[in-house]
Amino acid sequence: MFSIALSSDARLEPLEVWQAGEFAAHLDRARDHIRPWVGPAFVSDDVDGARRTLARYAASAAEDGARLFGIREDGRLLGGVMFVSFSAPAGQCEIGCWLEPAAEGRGLVTAASRVLLDYALGTRSLNRAEWRCRSDNARSSAVAERLGMTLDGTLRGAWLNGGVFHDKQVWGLTREDHLRSIA
Ligand SMILES: CC(C)(COP(=O)(O)OP(=O)(O)OC[C@H]1O[C@@H](n2cnc3c(N)ncnc32)[C@H](O)[C@@H]1OP(=O)(O)O)[C@@H](O)C(=O)NCCC(=O)NCCS
């Protein structure tokens, strides 16, 4: 299976259904930290829920759609990045991410997201990659900015989580932006 270096210690690797136990143990370390910011379906409570999440992504990947990857250090799962959506016919994708708290502040998600951007806008020639986050998720907005994305707008009251409608930022990077940034 593939393994891509993100730093001297960390690597981007597959995260698949057979690894549901490892994913569930990681979510035990990450759950409270990520709950306010990610979709409720992702924050599963047990191994069966973790397996359902991985199976959903695996089924979508088999159709050339959404897919999910893990970030590991010395074999320990610290977080990951995903194509929340991926459509070659429409030329669009959305990238998402999460980390357990101890892994923040080291550039891991920025590095992993660059791999996904290179794949989507370079290898697959999609036209646009998006990053969507709660408007008050400063760490997530900072990643989008670090990736060279443009804040295209704010969708007011667009995301319901925890019984509250939150504003959602939409950041975007076009293929043209991407090619210019790597030229
Ligand atoms: C969003 C989230 C993944 C961002 O994590 P992060 O660690 O801030 O992002 P990165 O992994 O890209 O690391 C950037 C940090 O590492 C630092 N860093 C160190 N080396 C770096 C490098 N080589 N390259 C880039 N940044 C580096 C940066 O300065 C920054 O730290 P700072 O914000 O304290 O200045 C994390 O906060 C999280 O999991 N939050 C909860 C879930 C969530 O919000 N998911 C996104 C939903 S939209």
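A polar contact here is a pair of N or O atoms within 3.5 Å; keep that cut-off in hand for the first view of this predicted model.

**View 1. Polar contacts between the protein and the ligand.** Start with the side chain of R146, where an N or O atom is 3.2 Å from an oxygen atom of the ligand, so the pair falls inside the cut-off for a polar contact. The backbone joins in as well: an N or O atom of the G105 main chain lies 2.7 Å from a ligand oxygen, and a backbone N or O atom of V109 lies 2.8 Å from an oxygen atom of the ligand. On its own the ligand has 940 Å² of accessible area, and the protein covers 71% of this.

**View 2. The pocket and the shell around the ligand.** Here we look at the largest pocket, whose space is taken by the ligand. Two or more shell residues come from each of α1 (20-34), β5 (92-99), α3 (108-123), β6 (128-134) and α4 (138-146). Of these, α4 gives the largest share, with four residues. The ligand has 21 residues around it, and those that come nearest are E104, G105, T110, N137 and R139. Sorted by class, the shell holds ten nonpolar, six polar and five charged residues.

**View 3. The open sheet and its edges.** Follow the eight strands across in the order β1-β2-β3-β4-β5-β6-β8-β7, and you will meet mixed pairing in an open sheet. At the edges stand β1 (4-5) and β7 (150-161); each has a single partner strand, so one side of each is left without a neighbour in the sheet.

**View 4. Where β1 meets β2.** Strand β2 (residues 10-14) pairs with β1 in the antiparallel sense, over two bridges. To find your place, look for A5, whose bridge partner in β2 is R11.

Note on methods
Residues are numbered from 1 along each chain as its sequence is written. This is a predicted model: local features need pLDDT of at least 70, side-chain atom pairs count only at pLDDT 80 or more; totals for chains, interfaces and linings use all residues. Side-chain values use heavy atoms; hydrogens and water are left out. A residue is near a molecule or strand if one of its heavy atoms lies within 4 Å of it. A polar contact is a pair of N or O atoms within 3.5 Å; within protein, one must be able to donate a hydrogen and the other to accept it, and residues adjacent in sequence count only if both atoms are side-chain atoms. Accessible areas come from the Shrake-Rupley method with a 1.4 Å probe; for residues, only the protein chains shown count as cover. On a 1 Å grid over the protein atoms alone, a cavity is a set of points where a 1.4 Å probe fits but cannot get out, and a pocket is an open set with protein on both sides within 12 Å along at least five of seven lines; lining residues have an atom within 4 Å of a point. A molecule sits in a cavity or pocket if more than half of its atoms lie within 2 Å of its grid points. Ala, Val, Leu, Ile, Met, Phe, Trp, Tyr, Cys and Pro count as nonpolar, Asp, Glu, Lys and Arg as charged, and the others, Gly among them, as polar. Two strands pair if DSSP finds at least two bridges between them.
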